[in-house]
Amino acid sequence: MKRIFMMLICLLLLTSCSKTNEDKLIKKFENDVNSSKSYTLKGSLEILNDEDSYNYLVEVSYKKKDMYKVKLSNTITNHEQIILKNKDEVYVITPSLNKSFKFQSEWPNNSSQAYILSSILSDLINTDNKNYMEDKDYYILTSDVNYPNNKDLVYQKLYFDKNNNLVKNEVYNSDNKLRIKFVVSSIDLKANLDDNLFNVENNVEHNLEADNRVLNPLNEIIYPLYIPSDTYLSSKETISIDNGNRNILTFSGNKEFVLIEEPTMLSQEFETIPVYGEPIMLNGNVGALSGNSIYFTLDNIDYYIAGNDLSTSELLSVASSLSNTLVTIAGK
């Protein structure tokens, strides 16, 4: 009996110690994030599905007054895009194309973001389920996540080193399969960032040799691999335009929608496309999701999909089947 009593005492002490360590870890992380007037964060991002993985270098810059700059660079194609939030709006900029989307959006506060500290902290503090554990190398915190347009993503595992510094964030689906992995290479919580860093004009490449160049004449029709049930291709039309061909595919049946695809134009003049929606990542390319429509560029082809009968999930599935993989980066 005495032995059992001593074991219970030890168990209670261990539990209490673990709880203390968890509270101290969360408190330090919360203080680091909330006290930073500006920070820079660099790391590698891997997006996984059942068959493929896609890798990006990520650079995050933040300054109080809710200003963000996130640069995403595909490690294979070197394709670069920037998500920029300043006091005016949210922009998704493709510097090499002199093109941007301009959003009226609450990004990044309306969804989980695997590489933005305030988002990670918000998920950690507001979670319904939280777990703490220790191993030889890390303190590990698990919490719920909030990806409104990808309900399959349900929780994150945050890895902190023994100095309580965040080193990795993993996001899992409901089957406990890893879907997003962000590994931190450096964090500077005392970065001295200038407001000009968040100016749209300073993040655009003015390609004076562009001369309205066509990057892909689009000599073939690209069909989606996913079509909702009881839906079929009812018509297709190819129209000759100044920069190549425009394909218009109409799908009829239970879930009617239209798919338009045309070449991307590289222009000397910077183009801003206003949209009412949210940024979304399609196979490493950030596009615009708005209600029952989506617009994105992939392999120098512009795609536009719209359908009143499509649910958001179905709309994204059609788009995903054109680009092989889809991960949301913002709430919708």
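Is K65 buried or exposed? I will start there, and the answer is that K65 is exposed, with a relative accessible area of 67%. Before going on, I should say that what we are looking at is a predicted model, so please hear everything that follows as a description of that model.

K65 is found in the loop between β2 and β3, and although it is not a glycine, its phi is positive, at about 95°. A second residue of this kind is N78, also not a glycine, whose phi is near 65° and thus positive; N78 is found in the loop between β3 and β4, the latter being residues 80-85, and with a relative accessible area of 61% it counts as exposed. As background, most residues other than glycine have a negative phi, and most peptide bonds are trans. On the second point, the peptide bond from W107 to P108 is cis, with omega near 5°, and P108 sits in the loop between β6, residues 99-103, and α2.

Let me turn to the overall architecture. The protein has three helices and 22 strands, and of its 332 residues, 48% count as buried. If we take the contacts with a separation of 6 or more, 55% of them are accounted for by residues 24 or more positions apart.

Twelve of the strands form an open sheet with mixed pairing, in the order β7-β8-β9-β10-β11-β1-β2-β3-β4-β5-β6-β17. Its edge strands, each pairing on one side only, are β7, at 130-134, and β17, at 271-275, and the twist from one strand to the next averages 20°.

Within that sheet I would like to follow β1, which is mostly covered, eight of its 11 residues being buried. On one side, β1 runs antiparallel to β2, to which 11 bridges join it, and the hairpin between these two strands passes through four residues. β1 is also joined to strand β11, residues 178-188, by eight bridges, again in the antiparallel sense, and here I47 stands opposite I180 in β11.

Moving along to β2, we find that this strand pairs with β3, residues 67-74, in the antiparallel sense over eight bridges. One residue of β2 is worth following across the neighbouring strands: E59 is the bridge partner of K42, and E59 also stands opposite K71 in β3.

Which helix lies across β1, β3, β7, β8, β9 and β10? That is α2, residues 117-126, which runs at about 110° to β9. For a residue in one of these strands, consider S143, whose place is in β8. S143 has 1% relative accessibility and therefore counts as buried, the cut-off being under 20%. Leaving aside neighbours within four places in sequence, S143 is in contact with D123, L124, T127, N129, V154, Y155 and Q156.

Now to the nonpolar interior. The largest nonpolar core has 48 residues, and those with the most contacts inside it are F29, L45, V70 and Y115. Strand β2, residues 53-63, gives the most to this core, with five residues. Apart from it lies another core, of 20 residues, which includes L249, F251, I294 and L322.

Finally, the aromatic rings. A pair of aromatic rings is described by the distance of the centres and the angle of the planes, and the count here comes to 12 aromatic pairs. One of them, formed by F101 and F103, is edge-to-face, at 6.3 Å centre to centre and with 70° between the planes; both F101 and F103 are buried. In another, the rings of F296 and Y303 have their centres 5.1 Å apart and their planes at 20°, so this pair is stacked. F296 is buried, at 0% relative accessibility, and Y303 is buried as well, with a relative accessible area of 3%. Ring pairs also link Y39, Y62, Y68 and W107 into a cluster, and this is the W107 whose peptide bond to P108 is cis. I will close with a charge over a ring: K168 lies over the face of Y159, at 4.3 Å from the ring centre.

Technical notes: Residues are numbered from 1 along each chain as its sequence is written. This is a predicted model: local features need pLDDT of at least 70, side-chain atom pairs count only at pLDDT 80 or more; totals for chains, interfaces and linings use all residues. Side-chain values use heavy atoms; hydrogens and water are left out. A nonpolar core is a set of buried Ala, Val, Leu, Ile, Met, Phe, Trp, Tyr and Cys residues joined through side-chain atoms within 4.5 Å. Buried means under 20% relative accessible area, exposed over 50%, partly exposed in between (1.4 Å probe, protein chains only). Two strands pair if DSSP finds at least two bridges between them. Axes are lines fitted to C-alpha atoms, for helices over the stretch in contact, and angles run from 0 to 180 degrees between N-to-C directions. Contact means heavy atoms within 4.5 Å. Rings of Phe, Tyr and Trp (its six-membered ring) pair if their centres lie within 6.5 Å; planes under 30 degrees apart count as stacked, over 60 as edge-to-face and the rest as tilted. A charge sits over a ring if NZ of Lys or CZ of Arg is within 6 Å of the ring centre and within 35 degrees of the ring normal.
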